[in-house]
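Reader: Could you walk me slowly through one part of this structure? I'd like to hear about ring pairs, and I'm only in my first year, so please keep it plain.

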Amino acid sequence: MATRQPDPGTYYDRIAERHVLPLWVDTKQFVPWEPSPLYAAALWKYDELRPLLIEAGEIVTPEEASRRVLVLQNPALSGFQGTTRSLYACLQLILPGEQAPDHRHTQSALRLVIEGEGAFTSVDGGRVKMVPGDFIITPSWAWHGHTHEGDTPMIWLDGLDNGLMAQLDTTFFEPGRPETSNCADPLVDAPAGFQNAEAPLDLPARLLRFPYDKARENLENFRKISDADPCQGYRMEYLNPVTGNAAMPTMTTGLMLLERGFGGQTYQCTDGLIFAVLEGAGETVIGEQKLAWKEHDVFVVPSWSPHFHNAATDSVLFCFSDRVVQQKLGVWREARGG
Ligand SMILES: [Fe+2]
């Protein structure tokens, strides 16, 4: 729009001195016509990261580090930590005999177990078993720590809503007190219900563990009774069985089964998607970029980016995003084809 600028230099200088910006000069910066994410599509190969994570085991202990974690930093984000703008994906290592001390924070966390056995995470004193493929929840402000009683390295993917909490300025953190730490306390077994993805009676809205064997069985049953979605294959979302809501308040979580030879149609949505490959191999094409993935790799599809998946073998992808937040705000969108 043409504007009259009788004294552009002095006018803009004078309002800038008062910390005021003219909306009309760059309207699209204030209100873009469609999402224009500041982060990029990216892939982290587990084959490359695993040795580096193991090396971190020689550099720092969980006591020194609080958590021995490598953040999957989006290459396009500068001056801001995160895998997307709202979420973190990280890889955490705990070695046999180690304990990561209790702490709590307002960020909610998910764990997706990648490899190892014999470790457990404690959530508010309840001991939660960790088996590869399991999806485990640490709710906001719950005390939590990790202990490894097995014989081989234990690695899992952490997903946290750090960026969202940072943008809302709602971050609090508290280190564990010695008397509540899992180093000092014998841990109680979680109620049996945890093992079956049923709600424990005393914590009806805080379901903590979704075992992978049961989720995988559900995916196979889904495949038997339904056709695949042309964009997303067989997609299932983790829900809290008591409330029927998303399993976590700030992160939508789910699994996608893509059958061998699947060639997906184009899909886009306003939530940036973080995928962790649980099984199989394939590729995801995002515009000009082709991300070739296999077991345990992690990749990101930015907000509103048209993309499609091709599967070379039967593949299972865990996916998490801030979709549930966008849906609560009434702003989430998706589109197919194109
Ligand atoms: Fe934590």
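**Rings, and a neighbour of one of them**

Author: Let's start with Trp24, which counts as partly exposed because its relative accessibility is 42% (buried is under 20% relative accessible area, exposed over 50%, partly exposed in between, with a 1.4 Å probe and protein chains only). Tyr11 is partly exposed too, since its relative accessible area is 31%. Keep in mind that this is a predicted model, where local features need pLDDT of at least 70 and side-chain atom pairs 80 or more, while totals for chains, interfaces and linings use all residues. Residues are numbered from 1 along each chain as its sequence is written, and side-chain values use heavy atoms, leaving out hydrogens and water.

So where do these two rings fit in? Search the whole structure and you get 11 aromatic pairs (Phe, Tyr or six-membered Trp rings with centres within 6.5 Å; planes under 30 degrees apart are stacked, over 60 edge-to-face, the rest tilted). One of the pairs is Tyr11 with Trp24, and this pair is stacked, with 6.5 Å from centre to centre and 25° between the planes. The pair bridges distant parts of the chain, 13 residues apart: Tyr11 sits in helix α1 (residues 8–17), and Trp24 is in the loop between α1 and α2 (27–30) (DSSP runs numbered from the N terminus: helices H or I, at least four residues; strands E, at least two).

Now hop along to Phe318 and Phe320, whose rings make a tilted pair, 6.2 Å centre to centre with 45° between the planes. Phe318 is buried, because its relative accessible area is 0%. Phe320 counts as buried as well, because its relative accessibility is 0%. These two don't stand alone: ring pairs tie Phe318 and Phe320 into a cluster with Phe135, Phe210 and Tyr238.

Phe210 leads us on to Asp134, because the two are in contact (heavy atoms within 4.5 Å). You'll find Asp134 in the loop between β7 (126–129) and β8 (135–138). Asp134 counts as buried because its relative accessibility is just 2%. Its side chain and that of Arg209 are joined by a polar contact of 2.7 Å (N or O atoms within 3.5 Å, one able to donate a hydrogen and the other to accept it; sequence neighbours count only through side-chain atoms). Leaving aside neighbours within four places in sequence, the contacts of Asp134 also include Arg111, Leu112, Val113, Lys129, Pro211 and Tyr212.
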